[in-house]
Amino acid sequence: MLDGGASTFSSEEIHFRAGDNDLAGTLYPPSTPGPHPAIAMVLGSGPRDRNYGGAGPALGRHFAQHGYACLAWDKPGVGQSKGDYNLQTFRDRAEEALAAVVYLRGRADIRPDQIGLWGHSQGGMVVPLAASLSDHVAFLIAVAGWQGPA
């Protein structure tokens, strides 16, 4: 278990806009007073929701336990988010990640100069592109950048 069996963590249901899409997600804040650094999770390809097979909440709690707020959201057209992820290009996915950064920067409990992107699989390929498009991404965690078979 990623959170080491730690005590209960809070979470907050949130919404933000990325282009024409209304995206629904969960923010896992640290239990200590903020403002905090933050991580926005950019998920892999396919119909991924914020739970990401159980990894989303586990990672959210893990990062919160270590002082980072963590934001995970449903891809467009999945879960409670509106839109269609099938219509997205890599650039669209990068801009979606940057919309999450903009959302986080607007919160009083988040350090606007310490927001990073975590990407897994296809998300690991998207986060460097997103960072190249913005001066507001402080760090990247690319777990496994892979698109899949050609």
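**Entry 1: D74**

I started with the backbone nitrogen of Q80, which lies 2.9 Å from a polar atom of the D74 side chain. The model is a predicted one, and I read its distances as such. I then looked for a second backbone partner and found the nitrogen of R50, which the side chain of D74 reaches at 2.8 Å.

Where does D74 lie? I placed D74 in the loop between β4, residues 69-73, and α2. Next I asked whether D74 is buried or exposed. Its relative accessible area is 3%, under the 20% cut-off, so D74 counts as buried.

I listed what D74 touches, leaving out residues up to four places away in sequence. The list has L23 and A24, then R48, D49 and R50, and finally G79, Q80 and S81. R50 and Q80 are thus on the contact list, and their backbone nitrogens are the ones noted above.

**Entry 2: P35**

I moved to P35, in the loop between β2 (21-28) and β3 (36-42). P35 has 44% relative accessibility and therefore counts as partly exposed.

Which residues does P35 touch, apart from those up to four places away in sequence? I found A108, D109, I110 and R111. For R111 I also checked the backbone: its C-alpha atom is 5.3 Å from that of P35, although 76 residues separate the two along the chain.

**Entry 3: α2 against α3**

I looked up how helix α2 (residues 90-105) packs on helix α3 (residues 122-132). The angle is about 70°, and the axes are 8 Å apart. Angles of 65 to 115 degrees count as roughly perpendicular, so α2 is roughly perpendicular to α3.

I wrote down the residues that make the contact. From α2 they are F90, R91, R93, A94, A97 and L98; from α3 they are Q122, G123, M125, V126, L129 and A130. Sorted by class, the contact has 8 nonpolar, 2 polar and 2 charged residues.

**Entry 4: the whole chain**

I finished with the chain as a whole. How many helices and strands are there? I noted 3 helices and 6 strands, in the order β-β-β-α-β-α-β-α-β along the sequence.

The radius of gyration is 14 Å, which agrees with the value near 15 Å for a compact globule of 150 residues. The C-alpha atoms fill a box of roughly 45 × 30 × 25 Å along the principal axes. Of the 150 residues, 47% are buried.

Last, I took contacts between residues at least 6 apart in sequence: 69% of them join residues at least 24 apart. The P35 contact list, with R111 on it, was my local look at the chain in this respect.

How values were computed. Residues numbered from 1 in each chain as written. Predicted model: local features only at pLDDT ≥ 70, side-chain atom pairs only at ≥ 80, totals over all residues. Heavy atoms only, no water. Axes fitted to C-alpha atoms, helices over the stretch in contact; angles between N-to-C directions. Helix = DSSP H or I, 4+ residues; strand = E, 2+ residues; numbered from the N terminus. Parallel < 35°, antiparallel > 145°, perpendicular 65-115°, else oblique. Contact = heavy atoms within 4.5 Å. Nonpolar A, V, L, I, M, F, W, Y, C, P; charged D, E, K, R; others polar. Buried < 20%, exposed > 50% of the residue type's maximum accessible area, 1.4 Å probe, protein only. Polar contact = N/O pair within 3.5 Å; in protein donor to acceptor, adjacent residues only side chain to side chain. Rg over C-alpha atoms; globule rule 2.2 N^0.38 Å.
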